[in-house]
Amino acid sequence: MNSTPTDLGRLPRVVRAYLHAHARGDVPAAADCFTPAAVVVDDASPYCGREEIRSWLSRSSTEYTYTTTPTAAVRRSTEHWNVTQRIEGDFPGGVADLVYGFTIDDAHIATLVISPA
């Protein structure tokens, strides 16, 4: 698989929209970035469809207080992008670097897999 580093401004519009909405805690706007049948995998748990994703976003945005800072973006293919984010907050450990693996389908996010960097 070919990976090409890129600056964050070159991310697809929907990925930028999701990252901004999620950082603001805007659950409806973040959820609207996904296809109706999208899948998110976080902590090895899948969340399928916009309603489950909306619930996951609501829960994850209120469970801890944290900030996110995108630190890198890699275009893996036309539809696949990885964004590394530094998360800092009051969760166990206090700091984590996570990779957000996005798959884009028709200008929406079809899958998002979050894993340790």
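In this predicted model, S60 is in contact with H22 and Y66, once its neighbours within four places in sequence are left aside. S60 is found in helix α3, and its relative accessibility of 16% falls under the 20% limit, so S60 counts as buried. A polar atom of the S60 side chain lies 3.3 Å from the backbone oxygen of L57. The side chain of S60 thus has a polar partner in L57, and L57 is itself listed among the buried residues of α3.

The helix that holds S60 is worth following from end to end. Helix α3 covers residues 49-63, which makes 15 residues. At 1.5 Å a residue, a helix of this kind should span 21 Å, and the end C-alpha atoms of α3 are indeed 21 Å apart, so the expected and modelled spans agree. Which residues of α3 are buried? They are G49, I53, W56, L57 and S60. Seen down the axis of α3, these buried residues fall within an arc of 100°, so they line one face of the helix. A general rule helps in reading such a pattern: an α-helix has 3.6 residues a turn, so residues three or four places apart point the same way. The face of α3 turned away from the buried side carries the exposed residues E51 and T62. What covers the buried residues of α3? The cover includes two helices, α1 and α2 (27-31), together with the strands β2, β3, β4 (66-75) and β7.

Aromatic rings offer another way into the interior. How many aromatic pairs does the structure hold? There are five. In one of them, the rings of Y18 and F34 have their centres 5.5 Å apart and their planes at 80°; planes over 60 degrees apart count as edge-to-face, so this pair is edge-to-face. Y18 lies in helix α1 (residues 13-24) and F34 in strand β2, so the pair ties together parts that are 16 residues apart in sequence. Y18 has a relative accessibility of 0% and counts as buried; F34, also at 0%, counts as buried too. The rings of Y100 and F102 are arranged in another way: their centres are 6.4 Å apart and their planes meet at 25°, so the pair is stacked. Both Y100 and F102 are buried. Together, Y18, F34, Y100 and F102 form one aromatic cluster.

Strand β2, which contributes F34 to that cluster, also contains T35. Is T35 buried or exposed? With a relative accessible area of 14%, T35 is buried. The side chain of T35 reaches the backbone nitrogen of A38 at 3.1 Å. Not counting residues up to four places away in sequence, T35 touches R50, D105, H108, I109 and A110.

The cysteines call for a separate look. How many disulfides does the structure hold? The count is zero. For C33, the nearest cysteine sulfur is that of C48, 18 Å away, and C33 is in no disulfide. The search from C48 leads back to C33 at 18 Å, and C48 is likewise in no disulfide. A disulfide would need the two sulfur atoms within 2.5 Å, so a separation of 18 Å rules this pair out. The surroundings of these cysteines can also be described: C33 counts as buried at 7% relative accessibility, whereas C48 counts as partly exposed at 43%.

Two loop residues complete the picture through their backbone angles. A44 has a positive phi of about 65° although it is not a glycine. Where does A44 lie? A44 sits in the loop between β2 (34-42) and β3 (45-48). At 72% relative accessibility, A44 is over the 50% limit, so it counts as exposed. A107 is a second case: its phi is near 65°, again a positive value in a residue other than glycine. A107 belongs to the loop between β6 (95-105) and β7 (108-116). With a relative accessible area of 56%, A107 is exposed. Both of these alanines therefore pair a positive phi with an exposed position in a loop between strands.

Key
Residues numbered from 1 in each chain as written. Predicted model: local features only at pLDDT ≥ 70, side-chain atom pairs only at ≥ 80, totals over all residues. Heavy atoms only, no water. Helix = DSSP H or I, 4+ residues; strand = E, 2+ residues; numbered from the N terminus. Buried < 20%, exposed > 50% of the residue type's maximum accessible area, 1.4 Å probe, protein only. Polar contact = N/O pair within 3.5 Å; in protein donor to acceptor, adjacent residues only side chain to side chain. Contact = heavy atoms within 4.5 Å. Phe/Tyr/Trp six-rings, centres within 6.5 Å; stacked < 30°, edge-to-face > 60°. Expected span 1.5 Å × (residues − 1). Arc of directions from axis to C-beta.
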